[in-house]
Each structure stands twice: as structure tokens, then as C-alpha cells.
Amino acid sequence: MPTPIHAVIGATGATGRVIVRELSARGIAVRAVSRRTQRNVPVGVISVAADALDPDSLRRAVDGASVVYHCVMPTFENWRSDFPRVTRAIIAAAGANDARVVFADDTWMYGKVTGPMSEQTPENPVSHKGVLRAWLGEMLLTAHHRGDAEVVIGRAPELFGPHVGSLLNASFIGNAARGKRAIYIGNPDLPITPMFIDDFARGLIKLGTAENAAGRAWMIPTPPPTTGRDLVKLAAPQPGQRVRLSRLNSRVGKALGLVWPLAREGAEMIYQFEQPFVIDSSQFAAAFGANPTPYAVSVRETADWYRQNP
């Protein structure tokens with residue numbers, strides 16, 4: 001029986017590179033697919049160059065794979081044009097190989113909520129990006145139920161960790177780690193459950209291999225709720241060192257978008273941090289177990305990475 005191959009599409013992105021690393025460490029055959037062949041991949045990993053917008057190129061890249069991780073993240077300005085095309089191409093390529101598609105998703109499709117977000121929370125997006133995310137999820141699950149390809153979706157709240165581009169990363173944890181003023185967009189005293197990029201990758205791998213996972217979306221586990229104010233303390237250069245914290249609301253965030261690209265792209269998502277931003281991952285935990293990295297460990301690890309990579 002041939003050795004199962006796991007193909008990671010978008011292998012150089014924050015999520016994709018961790019999935020590649022984790023799979024390789026477990027002795028699983030990995031094909032790291034990106035626009036260009038990569039030299040610095042773990043031992044045993046095969047790097048393949050392919051354009052996710054080219055169905056033929058993509059199909060060749062995943063030939064023989066049993067699991068295909070959809071970690072492609074088009075630039076924000078090309079989301080509407082490229083994300084649907086990439087997703088259709090990945091579904092077709094995986095279906096041609098009888099492979100399972102694992103989609104790295106977020107929670108933007110739920111919109112403004114009054115309690116923890118779970119798999120049963122109604123989708124009610126309040127942003128253009130949330131509408132697109134809802135559409136992509138529907139596209140993927142429709143493909144599954146139609147028999148085009150086996151599909152499973154793993155969802156995460158705001159991510160943080162090495163190489164991650166998010167509202168919690170460079171200007172918040174990264175600034176605090178270097179002794180600078182940390183910028184928090186939203187209310188730092190509301191409960192949140194952000195996710196460490198390594199935990200997201202491990203959760204997606206679990207969904208890629210679990211027998212009873214396909215055909216639905218899952219919330220991947222995080223530690224218990226914390227707050228932005230508590231998180232920033234963990235990122236301080238020295239334990240107990242005071243970190244200066246600036247809070248920006250949505251009005252200021254939108255104004256900053258005129259000169260700050262991340263703020264411009266994230267302005268319509270700031271509502272998430274002006275309400276409790278908590279997920280309920282009890283279904284995943286009951287089905288597969290849960291052992292998320294404590295924030296005291298993951299935030300320090302992220303802060304150390306920023307200090308080492310100025």
C-alpha cells in the first residue's frame with residue numbers, strides 16, 4: 001500500500017509552514033506546494049512549485065496525495081477575484097485524487113455575536129470579508145455533499161505567532177516584546193480566545209486524519225478566555241515589567257487605515273474586539289481531545305521570536 005502523502009497548498013504562509021513542520025516531525029510524507037520551490041524545508045519534505053490559480057499546475061502538484069491542506073491566503077485586494085478560483089481549483093485537484101480537503105478558516109462569517117461562537121452559531125457576516133468567508137465555506141461543504149471531494153473545515157479566531165499577520169501580532173505582541181508601546185485595536189478588557197498558530201496547525205492536521213471529521217466545520221480549541229490586557233503582560237521583555245498600552249477604537253482604526261495598510265484592511269473587522277471574542281470548541285474537544293498551548297507559553301514564544309527577528 002503506498003505511503004499517504006499530505007500536500008500543503010500555501011506552504012510558505014504562517015499556517016502552511018507550521019503544518020509542514022508538524023507533519024514532517026511526525027514522519028508523514030509531505031509535499032510543500034507554493035509558487036516557487038523552497039530550499040529551506042524540513043528533511044524529507046518535497047517542495048513543489050505550482051500556481052494555485054492554475055488548475056492543471058495544481059493537479060500535478062497534488063497528484064497521489066491523500067490529504068490536501070488549503071492554506072492559500074490571497075492578498076486582501078485580490079480576495080474576491082482569487083479566493084473562489086483557488087478554492088475551486090483545490091476542490092477539483094483533491095477530488096481527482098480522492099483526497100480530503102482541509103480548509104484553514106476563521107470566524108468572520110459569524111458577525112456580531114452576544115456569546116461564544118460555536119458550530120451552531122448562525123452565520124450573519126457584517127463585513128465584506130465575512131461575506132466572502134461564508135460563501136467559501138458554503139462552496140466547500142456543497143462540494144463535499146455533492147461528492148466532488150471530501151471536505152472538512154477548521155475554524156480559528158484571531159491568530160498570533162511567528163510569521164502571522166494579524167491585529168494581535170506585530171503592533172501588539174511584537175511591540176510589547178521590544179519594550180515599545182503596544183497597540184490594541186478594541187477593548188483590552190473584554191474576554192477573548194485568540195489562537196496560537198501552532199495549535200491551529202495541529203488542529204487542522206487532526207481534521208485531516210480523523211475518520212469522523214469530514215463534511216462539516218469545527219472550532220479548533222483554544223485555552224480558556226483571557227483579555228488583551230493580560231496577554232500584553234506575558235509579552236513584556238522581562239516578567240513583571242510594565243508595558244505601555246494604547247487602545248484604539250474602530251473610529252480611530254478606520255482613520256489610521258488611510259496611512260497604515262494593516263489597519264486599512266482590518267478596519268471592518270475591529271468589531272470583533274469591541275465585543276467578547278470567544279469561541280466554544282467543546283465539540284472538537286469531545287470528538288478528538290484538546291490540549292491547546294497555554295497563553296503563558298505561546299505568547300512568550302511569540303514575543304521571543306519578535307525579539308530574535310527585529
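How far apart should the end C-alpha atoms of helix α11 be, at 1.5 Å a residue? Let's work that one out together. Helix α11 covers residues 295-308, which makes 14 residues, so the expected span is 20 Å; the end C-alpha atoms are 19 Å apart, and that agrees. Please keep in mind that everything I show today comes from a predicted model.

Let's stay with α11 for a moment. Which of its residues are buried? They are Y295, S298, V299, T302, A303, W305 and Y306. These residues cover an arc of only 155 degrees around the axis, which puts them on the same side of α11. There is a handy rule behind that kind of pattern. An α-helix has 3.6 residues a turn, so residues three or four places apart point the same way. And what do the buried residues of α11 pack against? Their partners include the strands β7 (159-160), β9 (191-192) and β10 (195-196), and also the helices α5 (169-177) and α7 (228-234). Strand β12 (226-227) is another of those partners.

Now, please turn to the strands, starting with β4, residues 67-70. From this strand, V67 and Y69 point one way, V68 and H70 point the other way, and all of them are buried. On one hand, β4 pairs with strand β1, residues 5-9, in the parallel sense over four bridges. Within that pairing, H70 of β4 is the bridge partner of I9. On the other hand, β4 also pairs with strand β5, residues 100-105, again parallel and over four bridges. Here V68 has V101 of β5 as its bridge partner. To get from β4 to β5, the chain passes through helix α3, residues 79-96, and this β-α-β crossover is right-handed.

So what about β5 itself: is it mostly covered or mostly open? Mostly covered, with six of its six residues buried. You can see this face by face: R100, V102 and A104 sit on one side, V101, F103 and D105 on the other, and all are buried. Let me pick out V102. Y69 stands opposite V102, and V102 also has V152 in β6 as a bridge partner. Strand β6 is residues 150-155, and six bridges join it to β5, with the two running parallel.

Which handedness does the unit made of β5, α4 and β6 have? It is a right-handed β-α-β unit. The helix in the middle, α4, has 19 residues and reaches 27 Å from its first C-alpha to its last, close to the 27 Å expected at 1.5 Å a residue. Among the buried residues of α4 are L132, A134, L136, M139, L140 and A143, and the list also includes K129, R133 and H144. After α4 comes G147, whose phi is positive, near 90 degrees.

Next, some aromatic rings. How many aromatic pairs does the structure hold? There are 14. One of them is W79 with W108, a stacked pair at 5.6 Å centre to centre, with 25 degrees between the planes. This pair links distant parts of the chain: W79 is in helix α3, while W108 is in the loop between β5 and α4, 29 residues apart. Both W79 and W108 are buried.

Compare that with F83 and F103. Why is this pair called edge-to-face? The ring centres are 6.4 Å apart and the planes are at 80 degrees, so the pair is edge-to-face; the cut-off for that label is an angle over 60 degrees. F83 belongs to helix α3 and F103 to strand β5, 20 residues apart, so to speak two distant parts of the chain linked by their rings. F83 has 0% relative accessibility, so it counts as buried, and F103, also at 0%, counts as buried too. Put the rings together and you get a cluster: ring pairs link F76, W79, F83, F103 and W108.

One last stop, at I197. This residue lies in helix α6, residues 197-209. Is I197 buried or exposed? Its relative accessibility is 1%, so I197 counts as buried. Leaving out residues up to four places away in sequence, I197 touches A14, T15, V18, L159, F160, G161, P162 and V164. By contrast, P122 is 75 residues from I197 in sequence and 25 Å from it in space, C-alpha to C-alpha.

Thanks for listening, and please go and find these residues in the structure yourselves!

Conventions:
Residues are numbered from 1 along each chain as its sequence is written. This is a predicted model: local features need pLDDT of at least 70, side-chain atom pairs count only at pLDDT 80 or more; totals for chains, interfaces and linings use all residues. Side-chain values use heavy atoms; hydrogens and water are left out. Buried means under 20% relative accessible area, exposed over 50%, partly exposed in between (1.4 Å probe, protein chains only). Contact means heavy atoms within 4.5 Å. The expected span of a helix is 1.5 Å times one less than its number of residues. The arc is that of the directions from the helix axis to the C-beta atoms. Two strands pair if DSSP finds at least two bridges between them. A crossover is right-handed if, with the strands pointing away from the viewer, the path from the first strand over the helix to the second runs clockwise. Rings of Phe, Tyr and Trp (its six-membered ring) pair if their centres lie within 6.5 Å; planes under 30 degrees apart count as stacked, over 60 as edge-to-face and the rest as tilted.
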